[in-house]
Every structure is written in structure tokens, then in C-alpha cells.
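Me: I would like the reasoning behind some helix descriptions. Please set each value against its definition.

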Amino acid sequence: MAVTEPSERGLAEAERVELTVDAVAPGGHCVARVDGQVVFVRHALPGERVIAEVTEVHRGFVRADAVTVLDPSPDRVEPPCPYAKPGACGGCDLQHVAPDAQLAWKTAVVREQLVRLGGLTDVELDRLDARVQALPGGLLGWRSRVRYAVDAADRAGLLKHRSHEVVPIDRCRIAHPAIQQLPVLTPSGARWSAAEAVETVASTGGDVTVTEIRAGVPAPVSGPAEVREVAAGRDWTLPASAFWQVHPAAASTLSTAVLELLDPQPGEIAWDLYGGAGLFAAGLAERVGAAGRVTMVEAAGQGVAAARQNLADLPSVEVVSARVETALARRRITGPVDVVVLDPPRSGAGAPVVRALASAGPRAVAYVACDPAAFARDVRTFTDLGWRLAALRGFDLFPMTQHVEQVGLLLPATA
């Protein structure tokens, strides 16, 4: 396909254009501009001159893939996976980026979002030392939970970027070695005629499971129905299909960060909101002791059941089955409260929850965030209510992808 000069009408889908790539952007893209039109380019690096093929056209911007690199960045490396390329698997965004440059990429995204959406300044971020840190274990073989989609030929695979199209693969290079060895994917193509998806787990406790998803309902194929996880000095038992962090070191890393930042004291009252299986509630309970109290709120039935089972030895913990918004609005949980852990879904906590927390008057909130934009928006709400972001830690829980985890400490401005 020939490289064309953009016309006055702008770029069109499938058109190829030569461009120079600018800064990184959220979503695994870099930003470029062609005659004033914004282009979000995947498979590129800042400073590179590339030929990009347009994949989507929207009002105000287009998306594109770098299909030929004319002037490569010194941070460019050969992707270890043959499917990490334009038109193939969309699971990994940064396999073409050197390890240290991946951390710098994610740090740049975190900072840009906190400036643009959170209202912070570069000076404030420098003071916070806002950097993303690597976890132990390297860039490959870390993912302990992999969900494969099933195509029309009943083969399991992974999805193309922003598509429902399934890419058959031989193995996923970022998957845990035990998952890579499962007979879910074979060169001849494993067949899953009854499934819409296949979920695999290799737990930190040594359990390996395969589960079919049929009409949204899990159906065990192999391995135990419940798996054991080891994190934060405790053993955890939960259904194979329940939520747990996918990096083996993630749960302990996040628990340690939250407790270090909050520094819960004996006798204090704590809330763990969006508590999952109770990871943070356990750490809080051990710190506040028998004289303290921990209230955990979780909406998912599997999480509530797992928390009640795993925290049964901690009588100071109460598990509330409810949506956090509902629990706060209907006073299922009420102050006073000293410290709060806030670990919302990717969409963030949202202004109503933030306002309710500020009104409850805790001395500190630890916010665990998996989306920089949602985190930045909630930080802005806290700031507007007289709070400040006092500490920030970033962790690369998802190597080779654009995703990043943050733990922020929010304090009342007077603290």
C-alpha cells in the first residue's frame, strides 16, 4: 500500500502516512500530528519517524499502527512474542519498548494525567517523587490469570486491539509458565465448542485450574474449584474465578504500601472499601488490634464469601455486602473513622464517594488505583474538598502492557 499525503478532508481508514511520533499518551499510544490532525499511534516510541496505517477515524482524532519504523528510538527492542505486532494480539502494548523505558513511559502517563486532570503541578509531582517501580520476576511469565476468548472455529486465543476478533496463538509469553504448559492452546487448535471463553489460573499456592465460561457461568474443566493464594503473610482460599491480583508479587506489594502509608494505630477504626477477598482488611485488622475495628465493604458475592471465610480469625473485621455508594448513602457504614483504604474499579471512586469520605473525617485515605485518569479525577475532587495528595507510589504490576497501579496517600489539608 502506498504512503499518501493527507488531503484537506483528513486521514482515512487504512490510509498510510509518514509521521514523526511525539510524547506518550494513555492507552499504550504515542501522540503525533498530521496537518493539525491528532493521531494516536501504537507500536511506536517518542521521537521515531514511522509509516503509520490508520485503523480508526473519529471526530477530532484518528488511531493508527506504526507498520514501518524509519528512524527507530534507542529504546526500541525486538518484541519477544511474534503476536505483539499490528493486526495481531492486542494484549501487550509495550513489548517493543526496553524495560527501563517501559517504566519511564508509565511514569510519564501518570504525571501527565495528574497534571491535566488532577490539577497538580510538575513541582508537586517532583516533590512526591512520582515514579513507577518494577516488581520482582521480570517482564515475561508473570501473569497468573489468563482469560482466552473462543472464536467461531471453537479455538481459544486472545483478542486483537479494540476488537472482538480472536487471534489463535501457540502460547502467551507473559502468562505464568504453568499456564503456558496447559493444553488450552495447541498447534492444531484446541476446540472449545461449548465455551465462550476459557479461564486459566496458576496460583501462588501452587494450584493450576482451567474453567470454561458457558453463557456466563463458570464450568470447571481441571484443577480445584478453589485455589490457594499466599500473600501479606497469610494463606487465602477463593474460587478460581474470583478476583485476585494477576501478578504473583502484587498483593503483598500493595498491602505493604497501603500499611506503610496509612500507618494504622492500635485502637483505630478503619474502612476497607471495594474490599474484594479482604486483603487490606486483614492488614488493617492486625495493626488496629482487638481494641480497633475494621469494616470492609464489597458488592461481589464471591468476594464477600471469600472475605468472610478468610477473615474468620479476625473478630474485629465486619464484612458488609453492598455497593460502596449504597453503603455510604444509606449509612450502612457510618463514622467516626480514622483511616480508609479505597480500592475502586477502573472507573474510579467518583465524586459522590469522595465527598462522603471527606465528610466522614478520616485522618488519612490510601487510594489504590488501576487507572491513572480515574485516579487523577478523584484526586482533583479530594483537592477541591480541601485535601492534598501527600505521597504517591507507582508499581508496574502489568509488565509489557500499558497498565499501571498507583497507591496514593490523601490527607486533609490541615494535616
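The exchange below deals with three helices and their surroundings.

Reply: This is a predicted model, in which local features need pLDDT of at least 70, side-chain atom pairs count only at pLDDT 80 or more, and totals for chains, interfaces and linings use all residues. Residues are numbered from 1 along each chain as its sequence is written, and side-chain values use heavy atoms, with hydrogens and water left out.

Me: Why is helix 4 called oblique to helix 5?

Reply: The axes of helix 4 (residues 250–262) and helix 5 (residues 279–288) come within 10 Å and cross at roughly 40 degrees. Angles under 35 degrees count as roughly parallel, over 145 as roughly antiparallel, 65 to 115 as roughly perpendicular and the rest as oblique. So helix 4 is oblique to helix 5.

Me: Which residues of helix 4 and helix 5 meet?

Reply: Contact means heavy atoms within 4.5 Å. A251, L254, S255, V258, L259 and L262 of helix 4 meet L279, F280, G283, L284 and R287 of helix 5. These contact residues divide into 8 nonpolar, 2 polar and 1 charged.

Me: What makes helix 5 largely enclosed?

Reply: Buried means under 20% relative accessible area (1.4 Å probe, protein chains only). In helix 5, 8 of the 10 residues are buried, so the rest of the structure largely encloses this helix. Among them are F280, L284 and V288.

Me: How do you know that the buried residues of helix 6 line one face?

Reply: Buried in helix 6 (residues 301–310) are G303, V304, A306, A307 and N310. Seen down the helix axis, they fall within an arc of 170 degrees, so they line one face. Their cover includes strand 15 (234–239), strand 17 (293–298) and strand 18 (317–321).

Notes: Buried means under 20% relative accessible area, exposed over 50%, partly exposed in between (1.4 Å probe, protein chains only). Helices (H or I, at least four residues) and strands (E, at least two) are DSSP runs, numbered from the N terminus. The arc is that of the directions from the helix axis to the C-beta atoms. Axes are lines fitted to C-alpha atoms, for helices over the stretch in contact, and angles run from 0 to 180 degrees between N-to-C directions. Ala, Val, Leu, Ile, Met, Phe, Trp, Tyr, Cys and Pro count as nonpolar, Asp, Glu, Lys and Arg as charged, and the others, Gly among them, as polar.
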